Amino acid sequence: MKQSPDEIANANMSFGSYFAKTLKLLGVEKIFFSPGSRSTPMVIGIERHSNIDLIPVLDERTAGFLALGQSKRKNLPIGLICTSGSALTHWFPAITEASHSGVPLLLFSADRPPELQNCGAGQTIYQENLFGDFVREFYQLQVPQTNNSYRDHLISVLNSAYQKSLGINPGPIHINFPFREPF
C-alpha cells in the first residue's frame with residue numbers, strides 16, 4: 001500500500017515524539033548529533049518533546065568521542081544521532097573504545113528505506129550490524145508507522161537498548177532507523 005507524503009510525514013513526526021518521550025523517561029540526559037536530513041525525525045522529536053540536552057557536532061568522529069567522554073564521566077548512556085550513509089562509520093573509533101572499556105552508548109543511525117537499498121542510491125551503505133561484535137546489541141527497525149503495534153515495538157526496543165547498555169556487560173547499543181521522505 002502506497003502512503004501519501006502527508007501519511008509518511010505524520011508517521012515520522014509520531015515516531016519522533018515517542019522516541020523522545022521514551023528516552024526522557026528512561027533517563028537519557030544528553031545526545032550528540034551530527035546534522036543530516038535523514039535523521040530529522042529524531043532531532044525534531046528530541047527538540048519538541050523532551051528537555052534532553054541535544055548538542056550539534058558537525059563531525060561524527062568528534063561527536064563519538066564527546067559522547068564517549070560524557071558517558072565515562074556520568075556512567076550513564078549518552079546518545080549519538082547521525083544521518084545515513086558513511087556518517088556512522090566515523091563513530092567506529094569511539095565505539096571500539098567504548099566496547100573495550102564497557103562504556104554505555106546509545107547509537108541512533110538514520111537509514112534509507114528498504115526500497116532505496118541495493119539500487120545505486122547515493123550515499124547508501126549496508127548499515128545493519130555495521131559495528132559487529134563492538135556493540136552489545138543491534139536492532140533494525142521498520143520505517144515509522146502510525147499504528148500502536150509500531151509504537152509499542154519502538155518503546156520496547158528503546159527500553160531494551162537502554163537496559164542492555166548498562167547490563168552485566170555494559171557497552172554500546174546500535175539501533176538503525178530507516179526513514180522515508182518527507183522527513
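The paragraphs below follow three salt bridges through this predicted model and say where their partners sit.

Side chains of opposite charge can pair when their charged atoms come close. In this structure the count comes to six salt bridges, among them the pair formed by K74 and E29, whose closest N and O atoms are 3.6 Å apart. Because K74 belongs to helix α3 (residues 60-74) while E29 lies in the loop between α1 (5-26) and β1 (30-33), this salt bridge ties together parts that are 45 residues apart in sequence. K74 is partly exposed, with a relative accessibility of 37%, and E29 likewise counts as partly exposed, at 42%.

Another salt bridge joins D53 to K30, with 3.4 Å between the closest N and O atoms. Here D53 is part of strand β2 (residues 53-56) and K30 is part of strand β1, so the pair ties together parts of the chain that are 23 residues apart in sequence. D53 has a relative accessible area of 35% and is partly exposed, whereas K30, at 17% relative accessibility, counts as buried because the cut-off for that class is under 20%.

Further along the chain, K164 forms a salt bridge with E137, and the closest N and O atoms of this pair are 3.2 Å apart. The pair links distant parts of the chain, with K164 in helix α5 (residues 148-165) and E137 in strand β5 (residues 137-140), 27 residues apart. K164 counts as partly exposed at 36% relative accessibility, and E137 is also partly exposed, at 28%.

Definitions and conventions:
Residues are numbered from 1 along each chain as its sequence is written. This is a predicted model: local features need pLDDT of at least 70, side-chain atom pairs count only at pLDDT 80 or more; totals for chains, interfaces and linings use all residues. Side-chain values use heavy atoms; hydrogens and water are left out. A salt bridge is a side-chain nitrogen of Lys or Arg within 4 Å of a carboxyl oxygen of Asp or Glu. Helices (H or I, at least four residues) and strands (E, at least two) are DSSP runs, numbered from the N terminus. Buried means under 20% relative accessible area, exposed over 50%, partly exposed in between (1.4 Å probe, protein chains only).
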